[in-house]
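Q: I would like to learn how to read the empty spaces and the packed interior of a protein model. Could you take me through this one step by step?

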Amino acid sequence: MAQTIAPVVPAAPRPDPGVAELLQSVVDTARAIFGAQASSIMLLDAAADELIFEAVSGQGQEFLVGRRFPAGRGIAGWVAASGEPMVVDDLHDSVSFDRDIAESTGYVPNALMAAPLIRRDRVLGVLEVLDPSAQARSGLPELDLLGLFARQAAVALHVLTAYAPRPAPEAPGGAPDDPSRIELLRLLSEARRLLGE
């Protein structure tokens, strides 16, 4: 599947509080669901050809937000370029894993799951889950769930950024029948179904 790498929002030292809260919620939830040591969202800055840590839960959350690295490196770079999710059970044997980048973050995981944040055939970034429990990375349903979280984050990110310049009307996030809002509600429903709620 060919994807177009596109910037979401210009990187800024202080991201929009609504966007930061949304992305933090996604990584916190992904970390809890997958029993992981850490989770992160990196957004693409296509102009700089870099991935930027925008939200981190667990290992590294105190200092990684705002950190950049080349978009073409590592598993996150591969996921961003290909638009495909990936699970690696043993990173010691992975040729795609960039140990130098991991070491520079202060945390070198043993296993990793990653899914692209895609909005209308454009890759906006990557959701990663580091050292998930063995049961959480055991099959396709788990990878599908991670992909669902990533799609949900991409749609919600689009809704927040698309409607941010407007003053808040009677319904935050757009009109009730806005296609982006409808897609977000559908993804939330699908997540509940997958979680068995």
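**Cavities, cores and confidence**

A: About 270 Å³ of space lies in the largest cavity of this structure, which is a predicted model. The general idea is that rolling a probe the size of a water molecule over the atoms shows where empty space is left. Here, a search of the whole structure finds two cavities of 30 Å³ or more.

Q: Which residues are the closest to the centre of the largest cavity?

A: The largest cavity is lined by 24 residues, and the closest to its centre are Phe53, Ile101, Ala102, Glu128 and Leu130. By class, the lining has 15 nonpolar, six polar and three charged residues.

Q: Which helices and strands each supply at least two residues of that lining?

A: At least two lining residues come from each of strand E2 (38-45), strand E3 (50-58), helix H2 (74-82), helix H3 (99-105) and strand E7 (122-130). Of the elements, E2 gives the most to the lining of the largest cavity, with four residues.

Q: How should I read the largest nonpolar core, and which of its residues touch the most other members?

A: In soluble globular proteins, nonpolar side chains tend to be buried together. In this model the largest nonpolar core has 27 residues, of which Leu23, Phe34, Ile41, Leu117, Leu127, Val129 and Leu146 touch the most other members. Two or more residues of this core come from each of helix H1 (17-33), E2, strand E6 (112-119), E7 and helix H4 (140-163), and H4 gives the most, with 10 residues. A second, separate core of 26 residues includes Leu51, Ala80, Leu112 and Val126.

Q: What does Val129 touch, if residues up to four places away in sequence are not counted?

A: With those neighbours left out, Val129 touches Ala30, Phe34, Ala36, Ala38, Ser39, Ala111, Leu112, Met113 and Leu146.

Q: Is Met113, one of those partners, buried or exposed?

A: Met113, which is found in strand E6, counts as buried because its relative accessible area is 0%, under the 20% cut-off. Computed along the chain by position, Met113 and Glu142 are 29 residues apart in sequence, while their C-alpha atoms are 9.5 Å apart in space.

Q: Where does the pLDDT stay under 50, and what is its mean for the protein?

A: The mean pLDDT of the protein is 78, and 73% of its residues reach 70 or more. The pLDDT stays under 50 over residues 1-14, for which the model nevertheless has 34 contacts beyond four places in sequence. Over residues 166-171 the pLDDT is also below 50, and this stretch has zero contacts in the model beyond near neighbours in sequence.

Technical notes:
Residues are numbered from 1 along each chain as its sequence is written. This is a predicted model: local features need pLDDT of at least 70, side-chain atom pairs count only at pLDDT 80 or more; totals for chains, interfaces and linings use all residues. Side-chain values use heavy atoms; hydrogens and water are left out. On a 1 Å grid over the protein atoms alone, a cavity is a set of points where a 1.4 Å probe fits but cannot get out, and a pocket is an open set with protein on both sides within 12 Å along at least five of seven lines; lining residues have an atom within 4 Å of a point. Grid points are joined across faces, edges and corners, and a volume is the space filled by probe spheres set on the points. Ala, Val, Leu, Ile, Met, Phe, Trp, Tyr, Cys and Pro count as nonpolar, Asp, Glu, Lys and Arg as charged, and the others, Gly among them, as polar. A nonpolar core is a set of buried Ala, Val, Leu, Ile, Met, Phe, Trp, Tyr and Cys residues joined through side-chain atoms within 4.5 Å. Buried means under 20% relative accessible area, exposed over 50%, partly exposed in between (1.4 Å probe, protein chains only). Contact means heavy atoms within 4.5 Å. pLDDT is the predictor's confidence in each residue, from 0 to 100.
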